[in-house]
Amino acid sequence: MNLEQLEAPIPDGAPHGVWSINTDRLSDGEFAVAGVRVSDIAKEFPTPRYVLDADDARFRARAWKEAMDHAFADLAGAHVYYAGKAFLSKAFARWMYEEGLHIDTASEGELRTALAGGVPGDFCGLHGNNKSRAEIELALEQNVAHIVIDSLAELEFVNRVAEDLKKIAPVYLRLTTGVHAGGHEFIATAHEDQKFGLSVSTRVSHQAIARAAELSNVDLIGLHSHIGSQISATEGFAQAAQVIFAERVWAHEQGIEISEIDLGGGYGIRYTADDDVPPNPREFARILADVVRKHVSESGLPAPLISIEPGRSIVASSTLMLYTVGTVKDVAIDSGLRTYVSVDGGMSDNIRPALYEADYTAAIVSRDSDASRTRARVVGKHCESGDIVVRNVALPSDVKAGDLLAVPATGAYGRAMASNYNMLPRPGVVAVENGTLKELIRSETINDLLSLDQD
Ligand SMILES: *Cc1c(COP(=O)(O)O)cnc(C)c1O
(Lines give C-alpha, C1' and ligand atoms only; values in the text may rest on other atoms or scores of the structure.)
Protein backbone atom coordinates (compact mmCIF):
# COMPACT_ATOMS: atom_id res chain seq x y z
CA MET A 1 0.00 0.00 0.00
CA ASN A 2 1.27 3.43 -0.86
CA LEU A 3 1.65 5.57 2.26
CA GLU A 4 1.43 8.72 0.22
CA GLN A 5 -2.09 7.88 -0.89
CA LEU A 6 -3.00 6.88 2.62
CA GLU A 7 -1.96 10.12 4.19
CA ALA A 8 -2.64 12.89 1.74
CA PRO A 9 -4.44 12.16 -1.47
CA ILE A 10 -3.70 15.22 -3.58
CA PRO A 11 -4.79 14.43 -7.10
CA ASP A 12 -3.50 17.65 -8.61
CA GLY A 13 0.15 18.62 -8.35
CA ALA A 14 2.97 17.38 -6.16
CA PRO A 15 2.19 15.05 -3.28
CA HIS A 16 2.35 16.26 0.28
CA GLY A 17 2.56 13.09 2.28
CA VAL A 18 5.02 12.82 5.09
CA TRP A 19 6.85 9.83 3.54
CA SER A 20 8.50 9.81 0.11
CA ILE A 21 6.31 8.80 -2.81
CA ASN A 22 7.98 5.39 -3.18
CA THR A 23 7.87 4.42 0.48
CA ASP A 24 5.56 1.46 0.97
CA ARG A 25 4.57 -0.80 3.82
CA LEU A 26 4.80 -4.37 2.51
CA SER A 27 2.21 -7.01 3.36
CA ASP A 28 4.44 -8.44 6.13
CA GLY A 29 4.65 -5.00 7.74
CA GLU A 30 8.17 -4.06 6.76
CA PHE A 31 8.78 -0.77 4.93
CA ALA A 32 10.45 -0.59 1.54
CA VAL A 33 11.89 2.41 -0.31
CA ALA A 34 11.56 2.24 -4.10
CA GLY A 35 11.21 -1.52 -3.80
CA VAL A 36 14.09 -2.18 -1.40
CA ARG A 37 13.31 -3.46 2.10
CA VAL A 38 14.75 -1.29 4.84
CA SER A 39 16.37 -4.37 6.41
CA ASP A 40 18.22 -4.99 3.14
CA ILE A 41 19.33 -1.36 3.01
CA ALA A 42 20.60 -1.59 6.59
CA LYS A 43 22.47 -4.82 5.83
CA GLU A 44 24.48 -3.18 3.07
CA PHE A 45 24.59 0.31 4.59
CA PRO A 46 24.43 0.02 8.39
CA THR A 47 22.47 2.55 10.43
CA PRO A 48 22.38 5.39 11.12
CA ARG A 49 21.84 6.27 7.48
CA TYR A 50 20.01 8.84 5.38
CA VAL A 51 17.98 6.94 2.78
CA LEU A 52 17.03 9.12 -0.18
CA ASP A 53 14.28 8.17 -2.65
CA ALA A 54 15.88 9.53 -5.84
CA ASP A 55 12.70 9.41 -7.87
CA ASP A 56 10.86 11.43 -5.20
CA ALA A 57 13.38 14.29 -5.23
CA ARG A 58 13.45 14.34 -9.02
CA PHE A 59 9.66 14.29 -9.11
CA ARG A 60 9.42 17.32 -6.82
CA ALA A 61 12.13 19.18 -8.76
CA ARG A 62 10.22 18.49 -11.97
CA ALA A 63 6.95 19.59 -10.38
CA TRP A 64 8.47 23.01 -9.60
CA LYS A 65 10.06 23.33 -13.02
CA GLU A 66 6.89 22.39 -14.90
CA ALA A 67 4.71 24.57 -12.69
CA MET A 68 6.92 27.63 -13.20
CA ASP A 69 7.39 27.04 -16.94
CA HIS A 70 3.65 26.74 -17.33
CA ALA A 71 2.69 29.74 -15.17
CA PHE A 72 5.28 32.05 -16.75
CA ALA A 73 4.92 30.91 -20.36
CA ASP A 74 3.11 34.12 -21.36
CA LEU A 75 5.59 36.28 -19.40
CA ALA A 76 9.40 36.16 -19.69
CA GLY A 77 9.79 32.60 -18.35
CA ALA A 78 11.17 31.36 -15.05
CA HIS A 79 14.20 29.61 -13.62
CA VAL A 80 14.12 27.27 -10.64
CA TYR A 81 17.27 27.33 -8.54
CA TYR A 82 17.58 24.36 -6.20
CA ALA A 83 18.92 25.77 -2.90
CA GLY A 84 21.93 23.50 -2.49
CA LYS A 85 22.39 24.29 1.18
CA ALA A 86 19.41 22.02 2.00
CA PHE A 87 21.36 18.98 0.79
CA LEU A 88 24.11 18.72 -1.77
CA SER A 89 26.21 15.98 -3.30
CA LYS A 90 27.70 15.72 -6.77
CA ALA A 91 25.11 13.24 -8.03
CA PHE A 92 22.25 15.15 -6.45
CA ALA A 93 23.34 18.41 -8.09
CA ARG A 94 23.53 16.58 -11.42
CA TRP A 95 20.02 15.16 -10.98
CA MET A 96 18.65 18.65 -10.36
CA TYR A 97 20.44 19.91 -13.47
CA GLU A 98 19.08 17.00 -15.49
CA GLU A 99 15.59 18.03 -14.39
CA GLY A 100 16.21 21.49 -15.82
CA LEU A 101 16.97 23.27 -12.54
CA HIS A 102 19.77 25.68 -11.73
CA ILE A 103 21.69 25.39 -8.44
CA ASP A 104 22.04 28.01 -5.73
CA THR A 105 25.23 27.87 -3.72
CA ALA A 106 26.33 29.85 -0.68
CA SER A 107 30.00 28.93 -0.29
CA GLU A 108 33.05 27.78 -2.23
CA GLY A 109 32.37 24.22 -1.07
CA GLU A 110 28.80 24.22 -2.35
CA LEU A 111 29.81 25.80 -5.65
CA ARG A 112 32.67 23.31 -6.12
CA THR A 113 30.31 20.40 -5.37
CA ALA A 114 27.81 21.53 -8.00
CA LEU A 115 30.59 22.06 -10.56
CA ALA A 116 32.14 18.68 -9.74
CA GLY A 117 28.71 17.12 -10.26
CA GLY A 118 28.73 18.41 -13.81
CA VAL A 119 26.55 21.49 -13.39
CA PRO A 120 27.86 24.25 -15.70
CA GLY A 121 28.94 27.44 -13.95
CA ASP A 122 26.30 29.47 -15.72
CA PHE A 123 23.63 27.25 -14.13
CA CYS A 124 24.85 28.24 -10.64
CA GLY A 125 24.19 31.27 -8.48
CA LEU A 126 26.32 32.45 -5.54
CA HIS A 127 24.81 33.70 -2.30
CA GLY A 128 26.24 34.65 1.08
CA ASN A 129 26.44 37.66 3.36
CA ASN A 130 30.22 37.45 3.81
CA LYS A 131 31.76 36.04 0.65
CA SER A 132 35.50 35.59 0.50
CA ARG A 133 37.67 36.79 -2.36
CA ALA A 134 38.25 33.14 -3.29
CA GLU A 135 34.51 32.55 -3.54
CA ILE A 136 33.94 35.61 -5.72
CA GLU A 137 36.91 34.73 -7.93
CA LEU A 138 35.70 31.16 -8.41
CA ALA A 139 32.21 32.40 -9.26
CA LEU A 140 33.58 34.85 -11.83
CA GLU A 141 36.00 32.33 -13.36
CA GLN A 142 33.14 29.86 -13.72
CA ASN A 143 30.83 32.51 -15.22
CA VAL A 144 28.03 31.94 -12.72
CA ALA A 145 24.61 33.21 -13.70
CA HIS A 146 24.65 35.80 -10.92
CA ILE A 147 26.25 36.76 -7.63
CA VAL A 148 23.71 37.91 -5.05
CA ILE A 149 25.08 41.03 -3.34
CA ASP A 150 24.21 41.39 0.32
CA SER A 151 25.67 44.77 1.34
CA LEU A 152 27.01 48.07 0.00
CA ALA A 153 30.53 47.02 1.02
CA GLU A 154 30.21 43.79 -0.90
CA LEU A 155 29.04 45.63 -4.00
CA GLU A 156 32.34 47.54 -4.02
CA PHE A 157 34.30 44.38 -3.20
CA VAL A 158 32.78 42.34 -6.03
CA ASN A 159 33.41 45.23 -8.43
CA ARG A 160 37.09 45.33 -7.38
CA VAL A 161 37.56 41.57 -7.70
CA ALA A 162 35.88 41.61 -11.13
CA GLU A 163 38.12 44.48 -12.19
CA ASP A 164 41.20 42.49 -11.11
CA LEU A 165 40.01 39.54 -13.21
CA LYS A 166 39.00 41.83 -16.09
CA LYS A 167 35.45 40.55 -15.84
CA ILE A 168 32.00 42.03 -15.53
CA ALA A 169 30.15 40.48 -12.58
CA PRO A 170 26.44 39.80 -13.19
CA VAL A 171 24.79 40.75 -9.90
CA TYR A 172 21.49 40.61 -8.09
CA LEU A 173 20.90 42.85 -5.08
CA ARG A 174 19.33 41.08 -2.12
CA LEU A 175 16.73 43.42 -0.68
CA THR A 176 15.02 43.13 2.66
CA THR A 177 11.40 43.91 2.04
CA GLY A 178 10.20 43.97 5.64
CA VAL A 179 8.14 40.85 4.97
CA HIS A 180 9.15 37.87 7.08
CA ALA A 181 7.43 34.57 7.05
CA GLY A 182 7.81 31.23 8.69
CA GLY A 183 5.52 28.44 9.70
CA HIS A 184 2.00 29.52 8.91
CA GLU A 185 2.22 33.24 9.45
CA PHE A 186 3.98 36.17 7.99
CA ILE A 187 4.74 39.56 9.44
CA ALA A 188 5.71 42.81 7.81
CA THR A 189 8.13 45.02 9.72
CA ALA A 190 9.57 48.41 8.87
CA HIS A 191 12.89 47.92 10.63
CA GLU A 192 14.94 44.84 10.30
CA ASP A 193 17.31 43.67 12.95
CA GLN A 194 18.94 40.82 11.06
CA LYS A 195 22.06 40.32 9.04
CA PHE A 196 20.79 39.79 5.51
CA GLY A 197 20.25 42.13 2.63
CA LEU A 198 19.84 45.79 1.74
CA SER A 199 16.94 47.46 3.48
CA VAL A 200 14.10 48.86 1.41
CA SER A 201 12.52 50.80 4.27
CA THR A 202 15.67 52.86 4.91
CA ARG A 203 16.30 53.33 1.16
CA VAL A 204 19.67 51.58 1.34
CA SER A 205 18.22 49.64 -1.58
CA HIS A 206 18.11 52.85 -3.67
CA GLN A 207 21.68 53.65 -2.77
CA ALA A 208 22.76 50.17 -3.86
CA ILE A 209 20.82 50.27 -7.12
CA ALA A 210 22.25 53.66 -8.03
CA ARG A 211 25.78 52.66 -7.07
CA ALA A 212 25.59 49.35 -8.95
CA ALA A 213 24.58 51.24 -12.08
CA GLU A 214 27.66 53.48 -11.72
CA LEU A 215 30.25 50.77 -11.19
CA SER A 216 32.01 49.61 -14.32
CA ASN A 217 32.68 45.97 -13.41
CA VAL A 218 29.28 44.91 -12.18
CA ASP A 219 26.20 44.44 -14.31
CA LEU A 220 23.04 44.92 -12.24
CA ILE A 221 20.68 42.36 -13.73
CA GLY A 222 18.34 41.51 -10.89
CA LEU A 223 16.72 42.13 -7.52
CA HIS A 224 16.32 39.34 -4.98
CA SER A 225 14.10 38.67 -1.99
CA HIS A 226 13.97 35.70 0.38
CA ILE A 227 11.42 36.02 3.15
CA GLY A 228 12.05 32.97 5.28
CA SER A 229 11.59 29.24 5.42
CA GLN A 230 8.93 26.56 5.89
CA ILE A 231 6.17 28.91 4.73
CA SER A 232 2.78 27.48 3.85
CA ALA A 233 0.92 30.78 3.35
CA THR A 234 1.14 32.48 -0.02
CA GLU A 235 0.50 36.10 1.05
CA GLY A 236 4.06 36.70 2.21
CA PHE A 237 5.53 35.86 -1.19
CA ALA A 238 3.02 38.09 -2.98
CA GLN A 239 3.60 40.98 -0.58
CA ALA A 240 7.40 40.77 -0.83
CA ALA A 241 7.16 40.57 -4.62
CA GLN A 242 5.17 43.81 -4.66
CA VAL A 243 7.86 45.58 -2.64
CA ILE A 244 10.54 44.31 -5.03
CA PHE A 245 8.55 45.42 -8.07
CA ALA A 246 8.19 48.91 -6.62
CA GLU A 247 12.00 49.02 -6.40
CA ARG A 248 12.23 47.92 -10.02
CA VAL A 249 9.89 50.75 -11.01
CA TRP A 250 11.96 53.22 -8.98
CA ALA A 251 15.11 52.01 -10.78
CA HIS A 252 13.39 52.48 -14.13
CA GLU A 253 12.54 56.05 -13.20
CA GLN A 254 16.26 56.62 -12.64
CA GLY A 255 17.00 55.17 -16.07
CA ILE A 256 18.19 51.83 -14.66
CA GLU A 257 16.56 48.78 -16.24
CA ILE A 258 16.37 45.58 -14.19
CA SER A 259 15.41 42.49 -16.16
CA GLU A 260 15.37 39.71 -13.55
CA ILE A 261 13.60 39.18 -10.23
CA ASP A 262 14.38 36.38 -7.79
CA LEU A 263 11.69 35.63 -5.23
CA GLY A 264 13.72 33.21 -3.11
CA GLY A 265 12.76 29.93 -1.47
CA GLY A 266 11.07 28.86 1.73
CA TYR A 267 8.10 26.83 0.48
CA GLY A 268 6.76 24.70 3.30
CA ILE A 269 6.38 20.93 3.58
CA ARG A 270 4.65 18.54 5.97
CA TYR A 271 6.86 17.02 8.66
CA THR A 272 4.02 15.32 10.49
CA ALA A 273 0.45 14.42 9.66
CA ASP A 274 -0.64 17.33 11.90
CA ASP A 275 0.98 19.90 9.61
CA ASP A 276 -1.28 21.69 7.13
CA VAL A 277 -1.01 20.67 3.53
CA PRO A 278 0.91 23.52 1.88
CA PRO A 279 -0.04 24.88 -1.53
CA ASN A 280 1.48 22.73 -4.27
CA PRO A 281 3.98 24.12 -6.79
CA ARG A 282 1.24 24.85 -9.32
CA GLU A 283 -0.67 27.00 -6.83
CA PHE A 284 2.46 28.86 -5.74
CA ALA A 285 3.52 29.40 -9.36
CA ARG A 286 0.09 30.69 -10.34
CA ILE A 287 0.01 33.17 -7.46
CA LEU A 288 3.52 34.45 -8.25
CA ALA A 289 2.66 34.77 -11.96
CA ASP A 290 -0.50 36.74 -11.11
CA VAL A 291 1.55 39.23 -9.07
CA VAL A 292 4.09 39.57 -11.91
CA ARG A 293 1.33 40.04 -14.49
CA LYS A 294 -0.24 42.80 -12.40
CA HIS A 295 3.14 44.52 -12.02
CA VAL A 296 3.77 44.36 -15.76
CA SER A 297 0.39 45.76 -16.70
CA GLU A 298 0.52 48.54 -14.09
CA SER A 299 4.10 49.61 -14.77
CA GLY A 300 4.25 49.11 -18.52
CA LEU A 301 7.72 47.61 -18.05
CA PRO A 302 8.73 44.45 -19.91
CA ALA A 303 8.05 41.20 -18.04
CA PRO A 304 11.07 40.21 -15.94
CA LEU A 305 12.69 36.77 -15.93
CA ILE A 306 11.60 35.26 -12.60
CA SER A 307 13.62 32.89 -10.42
CA ILE A 308 12.68 30.98 -7.31
CA GLU A 309 14.93 29.03 -4.95
CA PRO A 310 13.18 26.04 -3.34
CA GLY A 311 15.37 23.77 -1.21
CA ARG A 312 13.39 22.01 1.49
CA SER A 313 10.32 21.47 -0.69
CA ILE A 314 12.41 19.46 -3.16
CA VAL A 315 14.61 17.33 -0.93
CA ALA A 316 13.10 17.10 2.56
CA SER A 317 10.40 14.53 1.89
CA SER A 318 12.64 12.38 -0.29
CA THR A 319 14.67 11.15 2.66
CA LEU A 320 14.06 9.05 5.72
CA MET A 321 16.62 8.71 8.48
CA LEU A 322 17.10 5.06 9.31
CA TYR A 323 18.18 4.23 12.86
CA THR A 324 18.47 1.10 14.99
CA VAL A 325 16.70 1.16 18.32
CA GLY A 326 18.90 0.59 21.40
CA THR A 327 17.89 1.31 24.98
CA VAL A 328 14.16 1.53 25.72
CA LYS A 329 13.20 3.05 29.06
CA ASP A 330 9.90 4.01 30.71
CA VAL A 331 10.01 7.27 32.61
CA ALA A 332 7.29 8.45 34.99
CA ILE A 333 5.83 11.83 34.04
CA ASP A 334 2.88 13.79 35.50
CA SER A 335 0.30 12.05 33.40
CA GLY A 336 1.66 8.51 33.52
CA LEU A 337 4.59 7.01 31.68
CA ARG A 338 6.64 8.05 28.72
CA THR A 339 8.71 5.52 26.81
CA TYR A 340 12.12 6.87 25.86
CA VAL A 341 13.39 5.09 22.77
CA SER A 342 17.10 5.67 22.12
CA VAL A 343 18.54 5.38 18.62
CA ASP A 344 22.08 5.16 17.27
CA GLY A 345 22.27 8.81 16.14
CA GLY A 346 20.53 11.97 17.26
CA MET A 347 21.25 15.69 17.30
CA SER A 348 24.46 15.15 15.32
CA ASP A 349 22.52 13.92 12.28
CA ASN A 350 19.40 16.07 12.81
CA ILE A 351 19.93 19.27 14.76
CA ARG A 352 16.57 20.78 13.81
CA PRO A 353 14.59 19.59 16.87
CA ALA A 354 17.22 21.07 19.19
CA LEU A 355 17.73 24.20 17.07
CA TYR A 356 14.15 25.09 16.16
CA GLU A 357 12.02 22.72 18.24
CA ALA A 358 11.13 21.13 14.91
CA ASP A 359 8.57 18.33 15.03
CA TYR A 360 9.01 15.03 13.26
CA THR A 361 7.26 11.72 13.29
CA ALA A 362 8.71 8.20 13.38
CA ALA A 363 7.73 4.61 12.77
CA ILE A 364 9.10 1.16 13.47
CA VAL A 365 9.81 0.07 9.91
CA SER A 366 11.36 -3.40 10.21
CA ARG A 367 8.14 -5.14 11.25
CA ASP A 368 4.47 -4.75 12.01
CA SER A 369 3.13 -4.97 15.53
CA ASP A 370 -0.30 -5.66 16.99
CA ALA A 371 0.80 -4.30 20.36
CA SER A 372 -1.03 -1.30 21.77
CA ARG A 373 0.48 2.13 21.14
CA THR A 374 2.57 3.83 23.75
CA ARG A 375 3.40 7.49 24.17
CA ALA A 376 7.03 7.58 23.11
CA ARG A 377 9.86 10.04 22.69
CA VAL A 378 12.70 9.16 20.35
CA VAL A 379 16.07 10.37 21.62
CA GLY A 380 19.64 10.17 20.42
CA LYS A 381 22.85 8.96 22.06
CA HIS A 382 24.41 12.33 22.81
CA CYS A 383 25.27 13.82 26.17
CA GLU A 384 22.47 16.41 26.17
CA SER A 385 18.95 16.07 27.48
CA GLY A 386 17.89 18.23 24.51
CA ASP A 387 19.07 15.47 22.18
CA ILE A 388 15.55 14.73 20.98
CA VAL A 389 14.79 13.19 17.60
CA VAL A 390 10.99 13.06 17.85
CA ARG A 391 9.34 14.74 20.82
CA ASN A 392 6.03 12.88 20.75
CA VAL A 393 5.05 9.84 18.76
CA ALA A 394 2.83 6.82 19.27
CA LEU A 395 4.95 3.69 18.85
CA PRO A 396 4.03 0.04 19.43
CA SER A 397 4.54 -0.76 23.10
CA ASP A 398 6.67 -3.79 22.18
CA VAL A 399 9.33 -1.53 20.58
CA LYS A 400 12.67 -3.12 21.41
CA ALA A 401 16.40 -3.01 20.81
CA GLY A 402 17.24 -4.06 17.27
CA ASP A 403 14.10 -2.66 15.65
CA LEU A 404 14.69 -0.34 12.73
CA LEU A 405 13.11 3.06 13.28
CA ALA A 406 12.70 5.66 10.53
CA VAL A 407 12.13 9.40 10.69
CA PRO A 408 10.67 10.78 7.45
CA ALA A 409 11.20 14.23 5.90
CA THR A 410 14.84 14.42 6.99
CA GLY A 411 16.32 15.23 3.58
CA ALA A 412 16.68 18.98 4.08
CA TYR A 413 19.08 20.48 6.62
CA GLY A 414 19.80 17.02 8.07
CA ARG A 415 23.07 15.80 6.55
CA ALA A 416 23.78 19.41 5.57
CA MET A 417 23.83 20.52 9.22
CA ALA A 418 25.29 17.31 10.68
CA SER A 419 28.11 17.52 13.19
CA ASN A 420 30.63 15.25 14.86
CA TYR A 421 29.39 15.97 18.36
CA ASN A 422 30.59 13.28 20.79
CA MET A 423 33.03 12.22 18.03
CA LEU A 424 30.28 10.49 16.12
CA PRO A 425 31.11 9.96 12.46
CA ARG A 426 28.53 11.69 10.26
CA PRO A 427 26.18 9.17 8.61
CA GLY A 428 26.30 8.66 4.86
CA VAL A 429 23.50 9.11 2.36
CA VAL A 430 22.35 6.21 0.24
CA ALA A 431 19.91 6.77 -2.61
CA VAL A 432 17.43 4.19 -3.83
CA GLU A 433 16.68 4.35 -7.53
CA ASN A 434 14.33 1.74 -9.03
CA GLY A 435 15.38 -0.99 -6.69
CA THR A 436 19.10 -0.26 -6.72
CA LEU A 437 21.17 1.38 -4.04
CA LYS A 438 23.58 4.17 -4.91
CA GLU A 439 25.80 5.66 -2.27
CA LEU A 440 25.79 9.46 -2.58
CA ILE A 441 27.96 10.23 0.43
CA ARG A 442 29.76 7.53 2.41
CA SER A 443 29.58 7.45 6.17
CA GLU A 444 32.55 8.87 7.99
CA THR A 445 34.66 6.52 10.06
CA ILE A 446 36.35 7.15 13.37
CA ASN A 447 39.62 6.96 11.44
CA ASP A 448 38.42 9.88 9.32
CA LEU A 449 37.98 11.87 12.52
CA LEU A 450 41.29 10.74 13.98
CA SER A 451 43.06 11.64 10.74
CA LEU A 452 42.25 15.30 11.43
CA ASP A 453 43.97 15.10 14.81
CA GLN A 454 47.55 16.34 14.42
CA ASP A 455 49.03 14.98 17.65
C1 LIG B 1 17.70 28.91 2.68
C2 LIG B 1 17.47 29.69 1.46
C3 LIG B 1 16.70 29.16 0.43
C4 LIG B 1 16.01 27.82 0.53
O5 LIG B 1 15.07 27.79 1.54
P6 LIG B 1 14.09 26.52 1.69
O7 LIG B 1 13.31 26.81 2.91
O8 LIG B 1 14.96 25.33 1.83
O9 LIG B 1 13.27 26.46 0.44
C10 LIG B 1 16.55 29.90 -0.72
N11 LIG B 1 17.14 31.11 -0.86
C12 LIG B 1 17.89 31.66 0.12
C13 LIG B 1 18.52 32.98 -0.10
C14 LIG B 1 18.09 30.97 1.30
O15 LIG B 1 18.83 31.52 2.27
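Author: Start with a definition: two strands count as paired when DSSP finds at least two bridges between them. Keep in mind that this is a predicted model.

Reader: Apply that to S20 and S21. In which sense do they pair, and over how many bridges?

Author: First, the general idea. Strands of a sheet pair through backbone hydrogen bonds, either parallel or antiparallel. Now the case here. S20 and strand S21, residues 388-396, pair in the antiparallel sense, over six bridges. Pick one bridge to fix the register: Ala 376 has Val 393 in S21 as its partner.

Reader: Which residue of S18 stands opposite Ala 376 in S20?

Author: Thr 339 does. It belongs to strand S18, residues 336-343, which runs parallel to S20 and is joined to it by four bridges. Ala 376 therefore has a bridge partner in S21, Val 393, and Thr 339 across from it in S18.

Reader: How many residues of S20 are buried?

Author: Five of its seven, and the strand is mostly covered. S20 spans residues 373-379. As a reading aid, side chains in a regular strand alternate between the two faces of the sheet.

Reader: Now S13. Which strands pair with S13, and in which sense?

Author: Read each pairing separately. Strand S9, residues 169-176, pairs with S13 in the parallel sense over six bridges. Strand S15, residues 260-262, also pairs with S13 in the parallel sense, over three bridges. Two bridges give the register. Arg 174 has His 224 in S13 as its partner. Gly 222 is matched by Glu 260 in S15.

Reader: Is S13 mostly covered or mostly open?

Author: Mostly covered: six of its seven residues, 218-224, are buried.

Reader: Take a sheet with edges. Which strands are the edges in S1-S2-S3?

Author: An edge strand pairs on one side only. The three strands form an open antiparallel sheet in the order S1-S2-S3. The edges are S1 (23-25) and S3 (36-37). Strand S2, residues 31-33, is joined to S3 by two bridges. Ala 32 stands opposite Arg 37 in S3.

Reader: On to burial. Why does Val 158 count as buried?

Author: The cut-off is under 20% relative accessible area. Val 158 counts as buried because its relative accessibility is 0%. Its place is in helix H7, residues 152-164. Val 171 is 13 residues away along the chain, and the two C-alpha atoms are separated by 9.0 Å.

Reader: And the cysteines: are Cys 124 and Cys 383 buried or exposed?

Author: Cys 124 is buried, because its relative accessible area is 0%. The threshold for exposed is over 50%. Cys 383 counts as exposed because it reaches 61% relative accessibility.

Reader: How many disulfides does the count come to?

Author: Zero. The test is a pair of cysteine sulfur atoms within 2.5 Å.

Reader: Last feature: the ligand. Which residues come nearest?

Author: Begin with the shell, then look at single contacts. There are 14 residues around the ligand, and Lys 85, Ser 229, Glu 309, Arg 312 and Tyr 413 come nearest. The shell divides into three nonpolar, seven polar and four charged residues.

Reader: Where do oxygen atoms of the ligand meet N or O atoms of Lys 85, Ser 229 and Arg 312?

Author: Separate side chain from backbone. In Ser 229, a side-chain N or O atom is 2.3 Å from a ligand oxygen. In Lys 85, a side-chain N or O atom is 2.6 Å from a ligand oxygen. Arg 312 uses a backbone N or O atom, 2.8 Å from a ligand oxygen. As for cover, the ligand taken alone exposes 390 Å², and the protein buries 92% of that.

Technical notes:
Residues are numbered from 1 along each chain as its sequence is written. This is a predicted model: local features need pLDDT of at least 70, side-chain atom pairs count only at pLDDT 80 or more; totals for chains, interfaces and linings use all residues. Side-chain values use heavy atoms; hydrogens and water are left out. Buried means under 20% relative accessible area, exposed over 50%, partly exposed in between (1.4 Å probe, protein chains only). A residue is near a molecule or strand if one of its heavy atoms lies within 4 Å of it. A polar contact is a pair of N or O atoms within 3.5 Å; within protein, one must be able to donate a hydrogen and the other to accept it, and residues adjacent in sequence count only if both atoms are side-chain atoms. Accessible areas come from the Shrake-Rupley method with a 1.4 Å probe; for residues, only the protein chains shown count as cover. Ala, Val, Leu, Ile, Met, Phe, Trp, Tyr, Cys and Pro count as nonpolar, Asp, Glu, Lys and Arg as charged, and the others, Gly among them, as polar.
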